[in-house]
Amino acid sequence: MLDTVIKNGKIVDGSGNPWFYGDVGIASGVIVRVGAVNEEARQIIDAAGQVVSPGFIDGHCHSDLMILNYPQSEIKLNQGVTTEVIGNCGLAPAPLHSPHEAALQAYVKPILGTTPDWSWNSVSGYIRRLEQTRPSENLSTYVAHGALRIAVMGFERRAATHEEIEEMKALLAEGMSAGAIGLSIGLLYAPGSYSSAEEIAQLCTVLPRYGGLLSTHIRGEGSSLIASVKEVIWIAREAGVPLHVSHLKAAGKRNWGLVTQAMETIAEARAQGMDVTCDVYPYAASSTMLATVLPPWTLEGGMDTAIARFREPLLRKRIAEELIQEQDDWDNLVCSTGWNNVVLSSVATKGNKTLEGRSIAAISEERGVEPAACVMDLLTEESGDVSIVYFLMSDDDVSQVVAWDYSLVVSDSLHCDTGKPHPRLYGTFPRLFAHYVRERKLLSLEQAVRKVTSFPVQRFRLGKRGLLVPGYAADITVFDPDNIQDRATYLEPKLTPTGVSHVLVGGVATMNKGVHTQARAGAYLPASSCCGHGSHH
(Lines give C-alpha, C1' and ligand atoms only; values in the text may rest on other atoms or scores of the structure.)
Protein backbone atom coordinates (compact mmCIF):
# COMPACT_ATOMS: atom_id res chain seq x y z
CA MET A 1 0.00 0.00 0.00
CA LEU A 2 1.31 3.44 -0.95
CA ASP A 3 1.44 6.42 1.44
CA THR A 4 0.03 8.96 -1.02
CA VAL A 5 -1.27 9.09 -4.56
CA ILE A 6 -1.73 12.42 -6.36
CA LYS A 7 -4.41 11.72 -8.99
CA ASN A 8 -5.55 13.27 -12.27
CA GLY A 9 -3.02 16.08 -12.49
CA LYS A 10 -1.23 17.63 -15.44
CA ILE A 11 2.27 16.36 -14.76
CA VAL A 12 5.08 18.79 -15.53
CA ASP A 13 8.00 16.59 -14.54
CA GLY A 14 10.77 19.21 -14.27
CA SER A 15 12.77 18.06 -17.31
CA GLY A 16 11.34 20.67 -19.66
CA ASN A 17 9.41 17.97 -21.57
CA PRO A 18 5.72 18.57 -22.43
CA TRP A 19 3.14 17.95 -19.69
CA PHE A 20 1.01 14.81 -19.66
CA TYR A 21 -1.96 13.58 -17.59
CA GLY A 22 -1.18 11.09 -14.86
CA ASP A 23 -0.86 10.16 -11.22
CA VAL A 24 2.12 10.15 -8.85
CA GLY A 25 2.51 7.35 -6.27
CA ILE A 26 4.62 7.94 -3.16
CA ALA A 27 5.98 5.57 -0.51
CA SER A 28 8.50 6.26 2.30
CA GLY A 29 9.21 9.78 1.05
CA VAL A 30 10.11 8.66 -2.46
CA ILE A 31 8.26 8.72 -5.78
CA VAL A 32 7.61 5.09 -6.75
CA ARG A 33 5.32 5.43 -9.76
CA VAL A 34 4.40 8.08 -12.31
CA GLY A 35 1.61 7.56 -14.85
CA ALA A 36 -1.45 5.47 -14.11
CA VAL A 37 -1.29 4.46 -10.44
CA ASN A 38 -3.90 1.92 -9.41
CA GLU A 39 -2.62 0.85 -5.98
CA GLU A 40 -4.39 1.65 -2.75
CA ALA A 41 -3.02 4.60 -0.75
CA ARG A 42 -3.47 5.98 2.75
CA GLN A 43 -4.01 9.44 1.29
CA ILE A 44 -5.39 10.53 -2.07
CA ILE A 45 -4.89 14.07 -3.37
CA ASP A 46 -7.13 14.96 -6.32
CA ALA A 47 -5.17 17.30 -8.58
CA ALA A 48 -7.77 17.58 -11.36
CA GLY A 49 -7.35 20.88 -13.23
CA GLN A 50 -4.00 21.49 -11.55
CA VAL A 51 -0.33 21.08 -12.37
CA VAL A 52 1.74 18.58 -10.41
CA SER A 53 5.41 19.55 -10.46
CA PRO A 54 8.56 18.98 -8.41
CA GLY A 55 8.79 21.34 -5.41
CA PHE A 56 10.30 24.70 -6.34
CA ILE A 57 13.87 25.46 -5.33
CA ASP A 58 14.78 28.97 -4.28
CA GLY A 59 18.39 28.89 -5.44
CA HIS A 60 19.41 32.24 -3.96
CA CYS A 61 17.95 33.72 -0.78
CA HIS A 62 18.98 35.07 2.60
CA SER A 63 16.84 33.01 5.02
CA ASP A 64 19.92 31.93 7.05
CA LEU A 65 18.57 33.28 10.36
CA MET A 66 14.89 33.60 9.42
CA ILE A 67 14.65 29.80 9.20
CA LEU A 68 15.91 29.50 12.80
CA ASN A 69 13.27 32.01 13.95
CA TYR A 70 10.42 30.72 11.74
CA PRO A 71 11.18 27.07 10.96
CA GLN A 72 7.70 26.51 9.52
CA SER A 73 8.62 28.64 6.51
CA GLU A 74 5.06 29.52 5.58
CA ILE A 75 6.21 32.45 3.44
CA LYS A 76 8.08 30.11 1.07
CA LEU A 77 5.77 27.07 1.27
CA ASN A 78 2.83 29.29 0.24
CA GLN A 79 4.74 29.83 -3.01
CA GLY A 80 5.38 26.12 -3.59
CA VAL A 81 9.03 26.27 -2.47
CA THR A 82 10.40 23.07 -0.84
CA THR A 83 14.14 23.91 -0.76
CA GLU A 84 16.11 27.12 -0.13
CA VAL A 85 19.79 27.75 -0.89
CA ILE A 86 21.34 30.14 1.67
CA GLY A 87 24.79 31.59 2.48
CA ASN A 88 24.72 33.78 -0.64
CA CYS A 89 26.63 36.97 -1.59
CA GLY A 90 29.42 36.27 0.91
CA LEU A 91 26.90 36.86 3.73
CA ALA A 92 26.36 34.11 6.30
CA PRO A 93 26.21 33.72 10.08
CA ALA A 94 29.17 31.29 10.17
CA PRO A 95 32.02 30.91 10.86
CA LEU A 96 31.61 33.03 13.99
CA HIS A 97 34.96 33.76 15.63
CA SER A 98 35.82 36.06 18.52
CA PRO A 99 37.04 38.82 18.53
CA HIS A 100 34.97 39.53 15.40
CA GLU A 101 31.58 38.14 16.49
CA ALA A 102 29.90 41.54 16.90
CA ALA A 103 31.34 42.73 13.56
CA LEU A 104 29.87 39.71 11.74
CA GLN A 105 26.48 40.13 13.44
CA ALA A 106 26.34 43.82 12.49
CA TYR A 107 27.48 42.98 8.92
CA VAL A 108 24.71 40.46 8.24
CA LYS A 109 21.90 42.14 10.19
CA PRO A 110 20.34 44.36 7.46
CA ILE A 111 20.15 41.35 5.10
CA LEU A 112 19.75 38.30 7.37
CA GLY A 113 18.21 39.89 10.46
CA THR A 114 19.24 38.34 13.76
CA THR A 115 18.36 35.48 16.10
CA PRO A 116 18.44 35.25 19.91
CA ASP A 117 20.95 32.42 20.18
CA TRP A 118 24.19 32.39 18.16
CA SER A 119 25.49 29.13 19.57
CA TRP A 120 27.79 27.98 16.76
CA ASN A 121 31.34 28.78 15.69
CA SER A 122 31.83 26.81 12.49
CA VAL A 123 29.83 26.19 9.33
CA SER A 124 29.28 22.59 10.46
CA GLY A 125 28.01 23.91 13.82
CA TYR A 126 25.55 26.18 12.04
CA ILE A 127 24.35 23.27 9.85
CA ARG A 128 23.78 21.17 13.00
CA ARG A 129 21.78 24.04 14.44
CA LEU A 130 19.63 24.14 11.25
CA GLU A 131 18.96 20.42 11.59
CA GLN A 132 17.98 20.77 15.27
CA THR A 133 15.45 23.44 14.27
CA ARG A 134 13.55 20.78 12.25
CA PRO A 135 12.46 23.12 9.45
CA SER A 136 9.41 22.51 7.25
CA GLU A 137 11.52 22.79 4.08
CA ASN A 138 14.94 21.63 2.91
CA LEU A 139 18.04 23.81 3.06
CA SER A 140 21.46 23.88 1.51
CA THR A 141 24.21 26.45 2.08
CA TYR A 142 27.37 27.98 0.66
CA VAL A 143 30.39 28.92 2.73
CA ALA A 144 30.35 32.73 2.61
CA HIS A 145 33.56 34.61 1.81
CA GLY A 146 32.60 37.77 3.76
CA ALA A 147 32.11 35.67 6.89
CA LEU A 148 35.46 33.90 6.32
CA ARG A 149 37.32 37.17 5.92
CA ILE A 150 35.69 38.72 9.00
CA ALA A 151 36.52 35.61 11.07
CA VAL A 152 40.19 35.83 10.07
CA MET A 153 40.84 39.55 9.64
CA GLY A 154 37.78 41.60 10.60
CA PHE A 155 37.07 44.61 8.38
CA GLU A 156 40.66 45.43 7.48
CA ARG A 157 40.93 47.04 4.07
CA ARG A 158 44.05 45.33 2.76
CA ALA A 159 45.24 42.19 1.01
CA ALA A 160 45.21 39.02 3.08
CA THR A 161 48.64 37.63 4.00
CA HIS A 162 49.69 34.12 2.99
CA GLU A 163 48.88 32.90 6.54
CA GLU A 164 45.45 34.53 6.48
CA ILE A 165 44.64 32.94 3.12
CA GLU A 166 45.67 29.55 4.50
CA GLU A 167 43.42 30.10 7.53
CA MET A 168 40.48 31.03 5.28
CA LYS A 169 41.16 27.95 3.14
CA ALA A 170 41.03 25.75 6.25
CA LEU A 171 37.66 27.28 7.25
CA LEU A 172 36.37 26.81 3.70
CA ALA A 173 37.48 23.16 3.70
CA GLU A 174 35.71 22.66 7.05
CA GLY A 175 32.45 23.97 5.57
CA MET A 176 32.80 21.97 2.36
CA SER A 177 33.40 18.75 4.35
CA ALA A 178 30.22 19.53 6.30
CA GLY A 179 28.24 19.46 3.02
CA ALA A 180 28.30 23.07 1.75
CA ILE A 181 27.76 23.44 -2.00
CA GLY A 182 30.56 25.89 -2.66
CA LEU A 183 31.93 29.37 -1.90
CA SER A 184 29.82 32.51 -2.27
CA ILE A 185 31.48 35.89 -2.66
CA GLY A 186 30.03 39.40 -2.42
CA LEU A 187 32.55 41.67 -4.11
CA LEU A 188 30.21 44.66 -3.84
CA TYR A 189 30.14 44.49 -0.03
CA ALA A 190 32.93 45.38 2.37
CA PRO A 191 34.97 43.35 3.38
CA GLY A 192 34.58 41.23 0.20
CA SER A 193 35.25 44.37 -1.84
CA TYR A 194 38.71 44.61 -0.19
CA SER A 195 39.79 41.32 -1.81
CA SER A 196 41.60 41.08 -5.13
CA ALA A 197 40.68 38.57 -7.81
CA GLU A 198 44.00 36.80 -7.13
CA GLU A 199 43.20 36.39 -3.42
CA ILE A 200 39.81 34.84 -4.21
CA ALA A 201 41.29 32.57 -6.89
CA GLN A 202 43.71 31.21 -4.27
CA LEU A 203 40.84 30.47 -1.89
CA CYS A 204 38.92 28.72 -4.66
CA THR A 205 41.66 26.14 -5.12
CA VAL A 206 39.98 24.31 -2.20
CA LEU A 207 36.75 23.80 -4.18
CA PRO A 208 37.70 21.23 -6.86
CA ARG A 209 38.41 18.56 -4.19
CA TYR A 210 34.72 18.76 -3.24
CA GLY A 211 33.24 19.46 -6.69
CA GLY A 212 32.31 22.88 -5.25
CA LEU A 213 30.69 25.79 -7.07
CA LEU A 214 31.79 29.44 -6.98
CA SER A 215 28.78 31.76 -6.67
CA THR A 216 29.35 35.49 -7.09
CA HIS A 217 27.68 38.75 -6.29
CA ILE A 218 29.95 40.58 -8.71
CA ARG A 219 31.92 43.74 -7.91
CA GLY A 220 29.76 46.14 -9.89
CA GLU A 221 26.38 45.83 -11.59
CA GLY A 222 26.35 49.33 -13.11
CA SER A 223 28.91 50.85 -15.48
CA SER A 224 31.49 48.23 -14.46
CA LEU A 225 29.12 45.29 -15.19
CA ILE A 226 31.11 43.75 -18.06
CA ALA A 227 34.48 44.15 -16.33
CA SER A 228 32.96 42.58 -13.19
CA VAL A 229 31.59 39.56 -15.09
CA LYS A 230 34.99 39.11 -16.77
CA GLU A 231 36.71 39.30 -13.39
CA VAL A 232 34.73 36.38 -11.91
CA ILE A 233 35.13 34.34 -15.10
CA TRP A 234 38.89 34.87 -14.76
CA ILE A 235 38.78 33.73 -11.09
CA ALA A 236 36.81 30.57 -11.94
CA ARG A 237 39.09 29.77 -14.87
CA GLU A 238 42.21 30.23 -12.74
CA ALA A 239 40.88 27.94 -10.00
CA GLY A 240 39.28 25.41 -12.35
CA VAL A 241 35.80 25.67 -10.83
CA PRO A 242 32.26 26.04 -12.17
CA LEU A 243 30.81 29.57 -11.82
CA HIS A 244 27.35 30.87 -10.98
CA VAL A 245 26.67 34.62 -11.33
CA SER A 246 24.10 35.85 -8.80
CA HIS A 247 21.12 38.03 -9.80
CA LEU A 248 22.45 39.13 -13.19
CA LYS A 249 21.32 42.69 -13.93
CA ALA A 250 22.31 46.08 -15.34
CA ALA A 251 21.83 48.63 -12.59
CA GLY A 252 21.29 52.34 -13.14
CA LYS A 253 19.39 53.88 -16.05
CA ARG A 254 22.43 54.78 -18.15
CA ASN A 255 23.56 51.12 -18.02
CA TRP A 256 20.29 49.57 -19.20
CA GLY A 257 20.86 47.23 -22.12
CA LEU A 258 24.36 46.25 -20.93
CA VAL A 259 22.83 43.02 -19.68
CA THR A 260 22.81 41.74 -23.29
CA GLN A 261 26.59 42.13 -23.43
CA ALA A 262 26.94 40.44 -20.01
CA MET A 263 24.95 37.48 -21.34
CA GLU A 264 27.14 37.36 -24.46
CA THR A 265 30.25 37.35 -22.23
CA ILE A 266 28.86 34.36 -20.29
CA ALA A 267 27.81 32.54 -23.48
CA GLU A 268 31.30 33.08 -24.90
CA ALA A 269 32.90 31.57 -21.76
CA ARG A 270 30.56 28.57 -22.12
CA ALA A 271 31.53 28.22 -25.78
CA GLN A 272 35.15 28.00 -24.59
CA GLY A 273 34.23 25.10 -22.32
CA MET A 274 33.63 26.95 -19.05
CA ASP A 275 30.69 25.92 -16.89
CA VAL A 276 28.99 29.29 -16.18
CA THR A 277 25.35 29.95 -15.30
CA CYS A 278 23.40 32.75 -13.60
CA ASP A 279 20.23 33.50 -11.71
CA VAL A 280 17.71 36.35 -11.78
CA TYR A 281 14.78 37.56 -9.68
CA PRO A 282 11.67 38.60 -11.62
CA TYR A 283 11.47 42.24 -10.46
CA ALA A 284 12.99 45.53 -11.65
CA ALA A 285 13.91 46.72 -8.13
CA SER A 286 16.69 45.31 -5.98
CA SER A 287 16.92 45.23 -2.20
CA THR A 288 20.00 45.71 -0.09
CA MET A 289 21.46 47.71 2.79
CA LEU A 290 21.45 51.51 2.67
CA ALA A 291 25.19 51.53 3.47
CA THR A 292 25.96 50.03 0.02
CA VAL A 293 25.19 53.36 -1.67
CA LEU A 294 28.24 54.92 0.02
CA PRO A 295 31.84 54.97 -1.25
CA PRO A 296 33.47 51.65 -0.12
CA TRP A 297 36.25 53.39 1.84
CA THR A 298 33.68 54.81 4.26
CA LEU A 299 32.87 51.29 5.54
CA GLU A 300 36.46 50.28 6.27
CA GLY A 301 36.68 49.04 9.86
CA GLY A 302 32.95 48.26 10.10
CA MET A 303 29.79 50.26 10.76
CA ASP A 304 30.83 51.94 14.04
CA THR A 305 33.93 53.36 12.36
CA ALA A 306 31.82 54.53 9.41
CA ILE A 307 29.44 56.37 11.76
CA ALA A 308 32.43 58.07 13.41
CA ARG A 309 33.51 59.25 9.91
CA PHE A 310 30.05 60.76 9.30
CA ARG A 311 30.65 63.06 12.29
CA GLU A 312 33.85 64.53 10.80
CA PRO A 313 32.90 67.61 8.71
CA LEU A 314 35.68 67.12 6.12
CA LEU A 315 34.96 63.41 5.58
CA ARG A 316 31.23 64.12 5.50
CA LYS A 317 31.82 66.68 2.76
CA ARG A 318 34.03 64.25 0.80
CA ILE A 319 31.35 61.53 0.95
CA ALA A 320 28.67 63.97 -0.27
CA GLU A 321 30.92 65.13 -3.13
CA GLU A 322 31.74 61.57 -4.26
CA LEU A 323 28.03 60.72 -4.36
CA ILE A 324 27.31 63.52 -6.84
CA GLN A 325 29.45 62.14 -9.68
CA GLU A 326 30.23 58.84 -11.40
CA GLN A 327 33.31 57.14 -9.93
CA ASP A 328 35.97 55.07 -11.67
CA ASP A 329 36.81 52.66 -8.87
CA TRP A 330 33.29 51.86 -7.60
CA ASP A 331 29.74 51.85 -8.94
CA ASN A 332 27.97 55.02 -7.85
CA LEU A 333 24.47 53.85 -8.75
CA VAL A 334 22.73 56.77 -7.05
CA CYS A 335 24.27 59.04 -9.65
CA SER A 336 22.48 57.39 -12.55
CA THR A 337 19.37 56.29 -10.66
CA GLY A 338 18.40 59.22 -8.45
CA TRP A 339 17.53 59.45 -4.74
CA ASN A 340 13.81 59.20 -5.54
CA ASN A 341 14.46 55.56 -6.48
CA VAL A 342 16.08 54.65 -3.14
CA VAL A 343 13.21 53.66 -0.82
CA LEU A 344 13.57 52.70 2.86
CA SER A 345 12.21 49.21 3.50
CA SER A 346 13.19 48.81 7.13
CA VAL A 347 14.67 50.71 10.05
CA ALA A 348 15.50 49.48 13.53
CA THR A 349 14.13 52.24 15.77
CA LYS A 350 10.51 53.14 16.45
CA GLY A 351 11.17 56.84 15.88
CA ASN A 352 11.85 56.32 12.16
CA LYS A 353 9.20 53.65 11.43
CA THR A 354 7.02 56.19 9.60
CA LEU A 355 9.82 56.57 7.02
CA GLU A 356 9.46 52.96 5.79
CA GLY A 357 8.17 52.93 2.22
CA ARG A 358 9.42 56.47 1.51
CA SER A 359 12.29 57.61 -0.72
CA ILE A 360 15.51 59.28 0.40
CA ALA A 361 14.54 62.23 -1.86
CA ALA A 362 11.27 62.73 0.04
CA ILE A 363 12.79 62.21 3.51
CA SER A 364 15.70 64.60 2.88
CA GLU A 365 13.34 67.27 1.57
CA GLU A 366 11.14 66.92 4.66
CA ARG A 367 14.19 67.12 6.93
CA GLY A 368 15.61 70.09 5.00
CA VAL A 369 19.00 68.47 4.31
CA GLU A 370 20.87 67.23 1.24
CA PRO A 371 20.20 63.53 0.37
CA ALA A 372 23.79 62.43 1.16
CA ALA A 373 23.57 64.07 4.59
CA CYS A 374 20.18 62.42 5.12
CA VAL A 375 21.70 58.98 4.38
CA MET A 376 24.55 59.54 6.86
CA ASP A 377 22.09 60.79 9.51
CA LEU A 378 19.79 57.79 9.05
CA LEU A 379 22.68 55.32 9.27
CA THR A 380 23.85 57.07 12.44
CA GLU A 381 20.37 57.08 14.01
CA GLU A 382 19.87 53.39 13.17
CA SER A 383 23.44 52.18 13.89
CA GLY A 384 23.68 51.12 10.25
CA ASP A 385 20.66 48.82 10.32
CA VAL A 386 18.69 50.23 7.39
CA SER A 387 17.46 48.21 4.39
CA ILE A 388 16.32 49.67 1.10
CA VAL A 389 14.39 48.78 -2.05
CA TYR A 390 16.24 50.23 -5.02
CA PHE A 391 14.44 50.87 -8.33
CA LEU A 392 17.36 50.60 -10.74
CA MET A 393 16.61 48.07 -13.50
CA SER A 394 14.64 48.01 -16.73
CA ASP A 395 11.82 45.47 -17.19
CA ASP A 396 13.17 44.61 -20.64
CA ASP A 397 16.55 43.62 -19.19
CA VAL A 398 14.91 41.52 -16.48
CA SER A 399 12.69 39.74 -19.02
CA GLN A 400 15.66 38.98 -21.22
CA VAL A 401 17.52 37.24 -18.39
CA VAL A 402 14.38 35.44 -17.13
CA ALA A 403 13.83 33.95 -20.60
CA TRP A 404 17.47 32.86 -21.05
CA ASP A 405 18.32 29.15 -21.05
CA TYR A 406 21.25 29.61 -18.68
CA SER A 407 19.33 31.39 -15.88
CA LEU A 408 17.57 30.06 -12.79
CA VAL A 409 14.76 32.13 -11.28
CA VAL A 410 15.29 32.92 -7.58
CA SER A 411 13.87 35.27 -4.95
CA ASP A 412 17.03 36.79 -3.43
CA SER A 413 14.68 37.49 -0.49
CA LEU A 414 15.94 39.02 2.75
CA HIS A 415 14.62 38.31 6.26
CA CYS A 416 10.96 39.03 7.09
CA ASP A 417 11.21 41.12 10.28
CA THR A 418 11.12 44.37 8.32
CA GLY A 419 8.46 46.99 7.82
CA LYS A 420 8.24 46.89 4.05
CA PRO A 421 10.35 44.07 2.61
CA HIS A 422 10.81 43.69 -1.15
CA PRO A 423 7.68 41.91 -2.51
CA ARG A 424 9.92 39.13 -3.86
CA LEU A 425 9.93 37.63 -0.34
CA TYR A 426 6.23 36.75 -0.67
CA GLY A 427 5.71 36.70 -4.43
CA THR A 428 8.61 35.48 -6.58
CA PHE A 429 7.48 31.99 -7.64
CA PRO A 430 3.79 32.74 -8.25
CA ARG A 431 4.92 35.85 -10.15
CA LEU A 432 7.07 33.71 -12.46
CA PHE A 433 4.00 31.65 -13.48
CA ALA A 434 1.45 34.49 -13.46
CA HIS A 435 3.44 37.22 -15.16
CA TYR A 436 6.07 35.53 -17.34
CA VAL A 437 4.21 32.33 -18.30
CA ARG A 438 0.47 33.10 -18.27
CA GLU A 439 0.31 36.81 -19.11
CA ARG A 440 3.39 37.53 -21.20
CA LYS A 441 4.02 34.02 -22.58
CA LEU A 442 7.75 34.68 -22.33
CA LEU A 443 8.30 31.09 -21.13
CA SER A 444 6.26 27.93 -21.50
CA LEU A 445 4.93 26.30 -18.33
CA GLU A 446 7.47 23.49 -18.79
CA GLN A 447 10.42 25.88 -19.23
CA ALA A 448 9.45 27.85 -16.11
CA VAL A 449 9.15 24.68 -14.03
CA ARG A 450 12.60 23.49 -15.21
CA LYS A 451 14.16 26.81 -14.10
CA VAL A 452 12.97 26.28 -10.52
CA THR A 453 13.32 22.47 -10.21
CA SER A 454 15.72 20.19 -12.10
CA PHE A 455 18.08 22.96 -13.24
CA PRO A 456 18.86 24.26 -9.70
CA VAL A 457 19.18 20.68 -8.44
CA GLN A 458 21.77 19.94 -11.12
CA ARG A 459 23.54 23.24 -10.44
CA PHE A 460 23.78 22.83 -6.67
CA ARG A 461 24.21 19.01 -6.72
CA LEU A 462 21.19 18.38 -4.51
CA GLY A 463 20.89 14.68 -5.33
CA LYS A 464 17.78 12.83 -6.48
CA ARG A 465 15.11 15.51 -6.50
CA GLY A 466 13.78 18.15 -8.87
CA LEU A 467 12.22 15.61 -11.26
CA LEU A 468 9.00 13.60 -11.00
CA VAL A 469 10.56 10.22 -11.74
CA PRO A 470 10.61 6.99 -9.72
CA GLY A 471 13.38 6.83 -7.14
CA TYR A 472 13.47 10.60 -6.60
CA ALA A 473 12.55 12.45 -3.40
CA ALA A 474 8.86 13.30 -3.15
CA ASP A 475 9.21 17.08 -2.89
CA ILE A 476 6.11 18.05 -4.85
CA THR A 477 4.03 21.18 -5.52
CA VAL A 478 0.45 21.18 -6.84
CA PHE A 479 -0.78 24.48 -8.27
CA ASP A 480 -3.49 25.93 -10.49
CA PRO A 481 -1.74 27.42 -13.55
CA ASP A 482 -4.77 29.61 -14.40
CA ASN A 483 -5.02 31.16 -10.94
CA ILE A 484 -1.55 31.13 -9.42
CA GLN A 485 -0.88 34.80 -8.59
CA ASP A 486 1.50 36.92 -6.54
CA ARG A 487 -0.31 39.63 -4.55
CA ALA A 488 2.68 41.29 -2.85
CA THR A 489 3.38 44.84 -4.03
CA TYR A 490 5.99 47.43 -3.03
CA LEU A 491 3.40 49.23 -0.90
CA GLU A 492 1.74 46.05 0.47
CA PRO A 493 4.61 43.56 0.35
CA LYS A 494 3.32 41.02 2.88
CA LEU A 495 0.31 39.75 0.93
CA THR A 496 0.21 35.97 0.50
CA PRO A 497 -0.06 34.57 -3.04
CA THR A 498 -2.88 32.38 -4.31
CA GLY A 499 -3.02 29.23 -6.42
CA VAL A 500 -0.69 26.76 -4.66
CA SER A 501 -2.89 24.08 -3.10
CA HIS A 502 -0.59 21.27 -1.92
CA VAL A 503 3.09 21.01 -1.06
CA LEU A 504 4.81 17.79 -0.05
CA VAL A 505 8.28 17.80 1.49
CA GLY A 506 9.94 14.38 1.55
CA GLY A 507 6.54 12.82 0.88
CA VAL A 508 4.94 14.55 3.87
CA ALA A 509 1.92 16.78 3.20
CA THR A 510 3.11 20.17 4.47
CA MET A 511 0.60 22.47 2.75
CA ASN A 512 -2.87 20.98 2.34
CA LYS A 513 -5.45 23.00 0.37
CA GLY A 514 -3.35 26.08 1.04
CA VAL A 515 -3.06 25.52 4.80
CA HIS A 516 0.17 24.59 6.64
CA THR A 517 -0.26 21.17 8.29
CA GLN A 518 2.45 21.98 10.91
CA ALA A 519 4.59 19.16 9.47
CA ARG A 520 8.35 19.73 9.86
CA ALA A 521 9.80 17.22 7.40
CA GLY A 522 12.60 19.33 5.90
CA ALA A 523 16.26 18.33 6.01
CA TYR A 524 19.68 19.77 5.39
CA LEU A 525 20.74 18.71 1.89
CA PRO A 526 24.50 18.26 1.65
CA ALA A 527 25.97 18.71 -1.82
CA SER A 528 26.02 15.25 -3.35
CA SER A 529 28.65 13.90 -5.64
CA CYS A 530 26.11 12.01 -7.75
CA CYS A 531 25.98 14.77 -10.34
CA GLY A 532 29.58 14.65 -11.44
CA HIS A 533 32.44 15.27 -9.05
CA GLY A 534 35.92 16.54 -9.37
CA SER A 535 37.76 19.30 -11.10
CA HIS A 536 36.58 20.93 -14.34
CA HIS A 537 39.14 22.63 -16.52
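Helix axes on this tour are lines fitted to C-alpha atoms, taken for helices over the stretch in contact, and the angles between them run from 0 to 180 degrees between N-to-C directions. Helices (H or I, at least four residues) and strands (E, at least two) are DSSP runs, numbered from the N terminus. The model is a predicted one, in which local features need pLDDT of at least 70 and side-chain atom pairs count only at pLDDT 80 or more, while totals for chains, interfaces and linings use all residues. Residues are numbered from 1 along each chain as its sequence is written, and side-chain values use heavy atoms, with hydrogens and water left out.

**First stop: α6 and α7**

Select helix α6, residues 162-177, together with helix α7, residues 197-204, whose axes come within 9 Å of each other and cross at roughly 45 degrees. The two helices α6 and α7 are therefore oblique to each other, a word kept for angles that are neither under 35 degrees (roughly parallel), nor over 145 (roughly antiparallel), nor 65 to 115 (roughly perpendicular). Now show the side chains that make the contact, meaning heavy atoms within 4.5 Å: I165, M168, K169 and L172 on α6, and E199, Q202 and L203 on α7. By class, these residues of α6 and α7 divide into 4 nonpolar, 1 polar and 2 charged, where Ala, Val, Leu, Ile, Met, Phe, Trp, Tyr, Cys and Pro count as nonpolar, Asp, Glu, Lys and Arg as charged, and the others, Gly among them, as polar.

Stay on α6 and select M176, which is found in this helix. Is M176 buried or exposed? At 4% relative accessibility, M176 counts as buried, a term that means under 20% relative accessible area, with exposed meaning over 50% and partly exposed in between (1.4 Å probe, protein chains only). Leaving aside neighbours within four places in sequence, M176 is in contact with V143, I181, G182, L207, Y210 and G212. If you then add S124, which is 52 residues away from M176 along the chain, the C-alpha atoms of the two are separated by 8.9 Å.

**Second stop: α3 and the loop before it**

Select helix α3, residues 101-112, and colour its buried residues, which are L104, Y107, V108, P110, I111 and L112. These buried residues of α3 pack against α1 (66-69), α5 (145-153), β14 (285-289) and β16 (387-391). Just after α3 comes G113, whose phi is positive, near 75 degrees.

Next, turn to the loop between β7 (81-86) and α3, where P99 lies; the peptide bond from S98 to P99 is cis, with omega near 5 degrees. C89 lies in the loop between β7 and α3 as well, and C89 has a positive phi of about 60 degrees although it is not a glycine. Most residues other than glycine have a negative phi, and most peptide bonds are trans. At 2% relative accessibility, C89 counts as buried.

For another cis peptide bond, select A190 and P191, where omega is near 5 degrees; P191 is found in the loop between β10 (182-186) and α7. Then go to S28, in the loop between β2 (20-27) and β3 (30-35), a residue that has a positive phi of about 50 degrees although it is not a glycine. S28 counts as exposed, at 66% relative accessibility.

**Third stop: α10, α13 and α14**

Which residues of helix α10, residues 303-310, are buried? They are M303, A306, I307, R309 and F310. Look down the axis of α10 and these buried residues fall within an arc of 155 degrees, so they line one face of the helix, the arc being that of the directions from the helix axis to the C-beta atoms. Among what covers them are α11 (313-324) and α14 (371-381).

From α14, move to helix α13, residues 360-367, which packs with α14 at an angle of about 90 degrees, with the axes 9 Å apart. The helices α13 and α14 are therefore roughly perpendicular to each other. Their contact is made by I360, I363, S364 and R367 of α13 and by P371, C374, V375, D377, L378 and E381 of α14, and these residues divide into 6 nonpolar, 1 polar and 3 charged.

**Last stop: α9 and α15**

Finish with helix α9, residues 258-271, and helix α15, residues 395-403, which pack at an angle of about 20 degrees with their axes 9 Å apart. That makes α9 roughly parallel to α15. The residues to display are V259, T260 and M263 of α9 and D397, Q400 and V401 of α15, which make the contact.
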